[in-house]
Amino acid sequence: MSDKIIVLDFGSQYNQLIARRIREFGVYSELHPGDMKLADILAMGSVKGIIFSGGPNSVYDVDAPKCDPALFTSGLPILGICYGMQMTHYMLDGSVKASAKREYGRAEIDAVTSSPLFAGLPEHQTVWMSHGDQVDRLATGFTGIARSETCPFAASADDKRKIYTVQFHPEVRNTEYGLPLLRNFVFNICHAKNDWTMHDFIDTQVEQIRAKVGDDKVLLALSGGVDSSVVAALLNRAIGKNLYCMFIDHGLLRKGEAESVMETFHENMKLNLVKVDASARFLSKLAGVSDPEQKRKIIGSEFIYTFRDEVAKLLKGTDIKWLAQGTLYTDVIESGTKTAHTIKSHHNVGGLPADMNFKLIEPLNTLFKDEVRQLGTELGLPEKMVWRQPFPGPGLGIRVLGEITPEKLFIVRESDAILREEIAAAHLERDIWQYFTCLPGIRSVGVMGDQRTYDYTVAIRAVTSIDGMTADWARIPYDVLDKISTRIVNEVPHVNRVCLDITSKPPGTIEWE
């Protein structure tokens with residue numbers, strides 16, 4: 001059994017990043033609710049340490065979440081991050097108060113490098129802060145091991161009980177020595193072994209899938225994107241002929257997408273695959289709808305109901321009890337969890353309508369995009385499939401801002417195809433994590449062929465990222481941007497202006513809706 005580091009969730013949008021970083025070390029990590037009991041943690045076996053995540057609450061509020069107090073006397077090493085630090089000291093007779101000056105973004109700290117948490121690291125470090133409260137009196141047994149200009153206790157330690165706390169976020173890449181700090185905790189303090197691999201994940205998932213579905217048949221919502229492709233390969237390994245795939249063309253796909261999906265999966269992988277052209281159905285439901293959340297929910301519901309309607313017709317009465325989806329953890333956390341706020345709803349998150357007979361299976365819902373690609377490679381999928389551009393389930397429905405019309409979809413399809421062609425021609429497709437065009441719904445005055453125009457603006461969104469939870473805008477060379485812009489305004493009707501989105505995530509999201 002692999003060693004484990006358990007991350008307890010207190011509501012930060014970046015909780016899963018902590019578990020993700022630890023898995024990068026080859027140590028298995030899981031995210032669980034913050035109120036998980038010590039007995040349940042110990043029952044998992046081979047738990048070597050616990051991390052308390054950050055969160056949006058003030059620890060002194062009446063309803064602020066708290067951990068099981070028994071954790072502090074369990075002997076298991078603990079690392080409290082941000083809210084996790086404040087909660088630790090608040091529960092152990094320390095004091096927490098609102099900061100005189102809030103810290104959001106980069107900050108400079110001075111650390112005590114003789115502490116095992118900072119062992120081998122420089123004394124002066126740049127970290128990422130995000131807090132309005134801070135500890136103003138340490139709990140008994142703790143000493144301060146780092147400070148910033150406005151935060152006298154930027155980190156603390158109780159070496160005897162192996163409890164460590166930091167006010168900053170080591171899990172985000174903006175903290176320059178965050179990963180070495182986490183390594184110190186995982187290996188030098190928890191003494192965990194790095195014996196977990198993606199191959200282990202495959203074995204575990206295959207075993208769990210077989211135990212869960214038995215001899216039942218599973219229907220996969222196959223979109224042709226990386227996520228559902230990897231699910232198809234994983235389910236095919238687990239249950240073989242009992243996997244049925246349905247590809248729904250909702251009329252919101254990229255140019256050439258439907259043809260590519262059928263060629264890849266039906267002809268090459270020989271899967272049981274049925275294509276359903278439901279474009280008219282989806283577009284009629286979306287007619288006149290402008291609100292992005294409403295669009296997402298309509299698309300999600302129609303996916304489910306289309307499956308319900310088409311299973312009986314196209315699979316000739318086959319008794320299918322399970323619906324599989326390529327849901328990732330980023331989808332789950334952005335849609336809102338027990339302790340995290342909703343950023344945007346994802347069509348494949350939230351379970352199934354009450355009148356549906358399917359049970360849900362989501363084997364990737366603890367993974368990030370980069371892990372899914374690693375899993376796809378391990379499963380033997382071709383490189384072009386594993387590194388295919390991410391494409392959201394709602395498709396172009398959330399890349400046309402406002403009301404969706406056939407004309408607007410045509411503009412986004414054609415402009416996006418040009419963008420992808422030019423990025424590939426410049427050999428940048430592996431350097432840019434995601435890139436696409438969208439239609440903001442802006443019209444402006446232009447001049448083309450010596451005549452006045454009043455047409456649409458197309459926006460280019462291109463980002464670099466590791467896991468999709470944070471992202472920076474991609475620095476595409478000017479000559480490539482110039483060629484893309486020139487082609488779009490010349491080749492796509494009713495476009496007279498091209499803009500580049502240079503917003504990071506946060507504060508923006510990758511998609512515009």
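**Figure 1. Phe52 and its neighbours across the strands.** In this close-up of a predicted model, Phe52 stands opposite Gly80, a residue of strand E4. Strand E4 covers residues 78–81, and three bridges tie this strand to E3, with the two running parallel. Now look at E3's pairing with strand E1, residues 4–9: here five bridges link the two, again in the parallel sense. One pair to pick out is Val7 and its bridge partner in E3, Ile51. How many of the six residues of E3 are buried? Five are, so to speak, tucked under cover, and the strand, residues 47–52, is mostly covered. While you're here, keep a handy rule in mind: side chains in a regular strand alternate between the two faces of the sheet.

**Figure 2. Inside the second largest pocket.** This pocket has a volume of about 640 Å³. Of its 33 lining residues, the ones closest to the centre are Tyr14, Tyr104, Trp128, Ser130 and His169. Three elements each give two or more residues to the lining: helix H3 (83–91), strand E5 (95–111) and strand E6 (124–137). Which of the elements gives the largest share of the lining? That would be E6, with six residues. Sort the lining by class and you get 11 nonpolar, 17 polar and five charged residues. If you wonder how empty space like this gets spotted, picture rolling a probe the size of a water molecule over the atoms to show where space is left.

**Figure 3. Helix H3, mostly under cover.** Let's zoom in on a helix that helps line the pocket of the previous view. Seven of the nine residues of H3 are buried. Which ones are they? Reading along the helix, you meet Tyr83, Gly84, Met85, Gln86, Met87, Thr88 and His89. Just past the end of H3 sits Asp93, which takes a positive phi of about 70°. A tip for reading any α-helix: with 3.6 residues a turn, residues three or four places apart point the same way.

**Figure 4. A hairpin made by E7 and E8.** Strand E7 takes in residues 143–148 and strand E8 residues 155–158; they pair over three bridges in the antiparallel sense. Together they form a hairpin, with six residues between the two strands. To find your way around, start at Ala146, whose bridge partner in E8 is Ala155.

**Figure 5. Buried or exposed? Thr457 and Pro406.** Thr457 belongs to strand E17, residues 451–464. This threonine has a relative accessible area of 3%, so it counts as buried, the cut-off being under 20%. Leaving out residues up to four places away in sequence, Thr457 touches Cys438, Leu439, Pro440, Ile442, Ser444, Arg497 and Cys499. Pro406, in helix H13 (residues 406–425), has 66% relative accessibility and therefore counts as exposed, for which the cut-off is over 50%. Try looking for Gly251 too: Pro406 and Gly251 are 155 residues apart along the chain, yet their C-alpha atoms are separated by 9.2 Å.

**Figure 6. How confident is the prediction?** For the protein chain, the mean pLDDT is 89, and 92% of the residues reach 70 or more. Residues 340–351 are a stretch to read with this in mind: here the pLDDT is below 50. Beyond near neighbours in sequence, this stretch has 45 contacts in the model.

Methods. Residues are numbered from 1 along each chain as its sequence is written. This is a predicted model: local features need pLDDT of at least 70, side-chain atom pairs count only at pLDDT 80 or more; totals for chains, interfaces and linings use all residues. Side-chain values use heavy atoms; hydrogens and water are left out. pLDDT is the predictor's confidence in each residue, from 0 to 100. Contact means heavy atoms within 4.5 Å. On a 1 Å grid over the protein atoms alone, a cavity is a set of points where a 1.4 Å probe fits but cannot get out, and a pocket is an open set with protein on both sides within 12 Å along at least five of seven lines; lining residues have an atom within 4 Å of a point. Grid points are joined across faces, edges and corners, and a volume is the space filled by probe spheres set on the points. Helices (H or I, at least four residues) and strands (E, at least two) are DSSP runs, numbered from the N terminus. Ala, Val, Leu, Ile, Met, Phe, Trp, Tyr, Cys and Pro count as nonpolar, Asp, Glu, Lys and Arg as charged, and the others, Gly among them, as polar. Buried means under 20% relative accessible area, exposed over 50%, partly exposed in between (1.4 Å probe, protein chains only). Two strands pair if DSSP finds at least two bridges between them.
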